[in-house]
Each structure stands twice: as structure tokens, then as C-alpha cells.
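Here's a quick briefing to read with the model open next to you. It goes through an aromatic contact, a hairpin and a couple of pockets.

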Amino acid sequence: MNNCTNLLKEYDLKVTPQRVAIVEELFKNGHMNIDDLYKKLLSKFPSVSLATIYKNINAMVEKVFLSEVKIPNSKSVYELVKTEHAHLVCSCCGNIEDIMLDPSSIINEVSTLSTFKIDSTNIVLSGICPKCKNQLKWYHNIPIFSFLFLKGKCSFCKEKISLQYPLVEVFSV
């Protein structure tokens, strides 16, 4: 908590309980969209509004305390400002990882091909993460078997599967 307070002060941001909580969540989770942040903060501050979260995030982005990462076909996520890096996004589970990648070679190549002046880079690479690249088992495609063999959990994200999926299969036969 004390580190978050000092960090906010270093960036000339007013220290509020909501801002400290935002910083703590982003430090803990790495990348989060505003809706997920709102859900987390709502449990700590039941009267917090979505507008408050947006206002705080925008203030932190303006002070270059947070970075907005624009993910194709998805909501933007936010992260604490770090050294220059790229992002790997899993097209199956949506997991986002940082990867240290020096964009200078890309910038140099662009400068030889165009007179366009580049002032910032945001590199997002999409693909399939190691967890998701495993082939589906035969029973993953049959909800009743999948539900039984995996004890009601998704084999990839380990989240609970709704009982409606195997029930739909049973009643649609």
C-alpha cells in the first residue's frame, strides 16, 4: 500500500483509496480491462461507480502512469507503465503476456520504406498459448462426457462449466 502511495505521488497523482486499489489490482493481475477492474473494486468499495473508474484510469493514462493496450477484437486492457515491450494474446483463452521485444529494427525498416515519422509503437501478436495449443481430447467435443471426465470444469481455464451444457445434450437426443 505504501509503495502504491509513493508511486502515485511520483507521478503527481492525488492519492485516493480507489487509485491505490486500481494500482494494487493491476500490479497483481498485470493486464485488466475496465469492466474487470470495476468488478474487483466494487467488492472493496460498494458505492464506487463505473464513471469513477474511467475517470481515474484516464487520469493515470494522461500522466503516463498506466498504458492502454489495444487488443484487436476485444476491450482495451490497462497495465502499469514498464519498459518498452510487446504483447502476446491467446486467441483461444484471451490470456495476455508481456514479451521483451525491441521495436527498433521494425522502426528502422519502416524508415527505409516510408517517410512516415513514428512516435510510438504498440505491438500485439496473436496466436495460441501453450495451455491452449494442446489438441482437444475426443471427450471435449461431447458435453456430457466432458462434464463428467473433467468434473464439471473446463480443461483449459479450469473454470466451472454450467450444468446446462450436458443437460442440453441429454434432452436434445
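Phe65 is buried in this predicted model, with a relative accessible area of just 3%, well inside the cut-off of under 20%. Its ring partner, Tyr11, is another story: at 30% relative accessibility, Tyr11 counts as partly exposed.

**The aromatic pair**

- Search the whole structure and you get one aromatic pair.
- That pair is Tyr11 with Phe65, and the ring centres sit 5.0 Å apart.
- The ring planes meet at 75°, and since over 60 degrees counts as edge-to-face, that's the label this pair gets.
- Where do the two residues lie? Tyr11 is in the loop between helix 1 (2–10) and helix 2 (17–29), while Phe65 is in the loop between helix 4 (50–62) and strand 1 (66–69).
- The pair therefore ties together parts that are 54 residues apart in sequence.

**The strand 3 and strand 4 hairpin**

- Strand 3 (residues 86–90) and strand 4 (residues 96–99) run antiparallel, joined by four bridges.
- If you want a residue pair to look for, His87 has Asp98 in strand 4 as its bridge partner.
- Five residues sit between the strands of this hairpin, and Gly94 takes a positive phi there, near 85°.

**The largest pocket**

- The volume of the largest pocket comes to about 380 Å³.
- It takes 17 residues to line the largest pocket, and those nearest its centre are Ser67, Glu68, Glu84, Thr121 and Asn122.
- Strand 1 and strand 3 are the elements that give two or more residues to this lining.
- Strand 1 provides the largest share of the lining, with three residues.
- Sorted by class, the lining of the largest pocket has seven polar, six charged and four nonpolar residues.

**The second largest pocket**

- Next comes the second largest pocket, with a volume of about 240 Å³.
- Part of its lining is Asn29, His31, Met32, Asn33 and Asp36, and the list goes on with Val77, Cys93, Gly94, Asn95 and Ile96.
- Gly94 turns up twice in this briefing: it has the positive phi in the hairpin, and it also lines the second largest pocket.
- How does this lining divide by class? The second largest pocket has five polar, four nonpolar and one charged residues.

Definitions and conventions:
Residues are numbered from 1 along each chain as its sequence is written. This is a predicted model: local features need pLDDT of at least 70, side-chain atom pairs count only at pLDDT 80 or more; totals for chains, interfaces and linings use all residues. Side-chain values use heavy atoms; hydrogens and water are left out. Rings of Phe, Tyr and Trp (its six-membered ring) pair if their centres lie within 6.5 Å; planes under 30 degrees apart count as stacked, over 60 as edge-to-face and the rest as tilted. Buried means under 20% relative accessible area, exposed over 50%, partly exposed in between (1.4 Å probe, protein chains only). Two strands pair if DSSP finds at least two bridges between them. On a 1 Å grid over the protein atoms alone, a cavity is a set of points where a 1.4 Å probe fits but cannot get out, and a pocket is an open set with protein on both sides within 12 Å along at least five of seven lines; lining residues have an atom within 4 Å of a point. Grid points are joined across faces, edges and corners, and a volume is the space filled by probe spheres set on the points. Ala, Val, Leu, Ile, Met, Phe, Trp, Tyr, Cys and Pro count as nonpolar, Asp, Glu, Lys and Arg as charged, and the others, Gly among them, as polar.
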